[in-house]
Amino acid sequence: MGNWQNTHLDKLLGLQSEQALFIEIAQLARDLGFDYCAYGLRMPLPVSNPKIVMFSNYPSAWQSQYLDNDYIVIDPTVRYGAVSQLPFEWSGDIITTNHQFWEEARAHGLNVGRAQSVHDHRGQVGMLTLARSHEPFSDNEIRKNGLKIASLVQMAHQGMTRVLTPRLLPESESELTPREVEILRWTAEGKTSDEISDILHISVRTVNFHIGNVIRKLNTTNKLAASVKATALGLLN
């Protein structure tokens, strides 16, 4: 397991485009017994409408139907992955809700699947789904490949965020100084510059200087937006 993970992780981290990464991820999924795979990444921003990118080798007709009907809103695997990082296995035998959705998926050969999400420290949520048209999961398969599948989920997320984050969420690469973080935390608590000045025993001018730097680094228009963005990106942890 260790050699398998290290070999493929090194290869994934050496690829420089999301397309090349997904091709490699899809090949690894096939090696593990899955005809199809899909990876989706949800950014934490904008708060009102987070950026979402998706990659899939599902049948093109299902991809079009999924997008045209905005199925991401009702997809049970997406809903589950938003709140849990445990694997979600699905098949015709265990589906009890969203019958139309599952029936349409099965009509395109998606009968058995396993989805798992990753929630990282920058507030990004990635999910890898592996699917096939036959052979339900067995205990033997889980014993044999369970760890590799879980590892592939992590590797896919690590590889995709490495390539996509600098372009889709450049602010997440910002480096805030300890003083900027401290001031922004108090700002997030609703403290004014005067109050922060008293708390930290520094001048109001110094407080505002640091706030101005943070606003510039995070590409926001005011300190409230800066505190919201920094919180969403995990920069205040």
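**Exercise 1. Work out the strand order of the open sheet and find its edges.**

Solution. The 5 strands line up as β2-β1-β5-β4-β3, with antiparallel pairing. Strands here are DSSP E runs of at least two residues, helices are H or I runs of at least four, and both are numbered from the N terminus. Two strands pair if DSSP finds at least two bridges between them. Next, the edges: β2 (52-56) and β3 (88-91) each pair on one side only. From one strand to the next, the twist averages 15 degrees.

A quick note on the model: it's predicted, so local features need pLDDT of at least 70 and side-chain atom pairs pLDDT 80 or more, while totals for chains, interfaces and linings use all residues. Numbering starts from 1 along each chain as its sequence is written, and side-chain values use heavy atoms, leaving out hydrogens and water.

**Exercise 2. Describe how α7 and α9 cross.**

Solution. Start with the axes (lines fitted to C-alpha atoms, for helices over the stretch in contact; angles run from 0 to 180 degrees between N-to-C directions). Those of α7 (residues 178-188) and α9 (residues 204-217) come within 9 Å and cross at roughly 95 degrees. The two helices are therefore roughly perpendicular, a label covering 65 to 115 degrees. Now the contact (heavy atoms within 4.5 Å): α7 brings residues including Ile183 and Leu184, and α9 brings Val207 and Ile211, among others.

**Exercise 3. Which residues does leucine 184 touch beyond its neighbours within four places in sequence?**

Solution. Leucine 184 is in contact with Leu176, Val214, Leu218, Lys223, Ala226, Ser227, Ala230 and Leu236.

Key:
Parallel < 35°, antiparallel > 145°, perpendicular 65-115°, else oblique.
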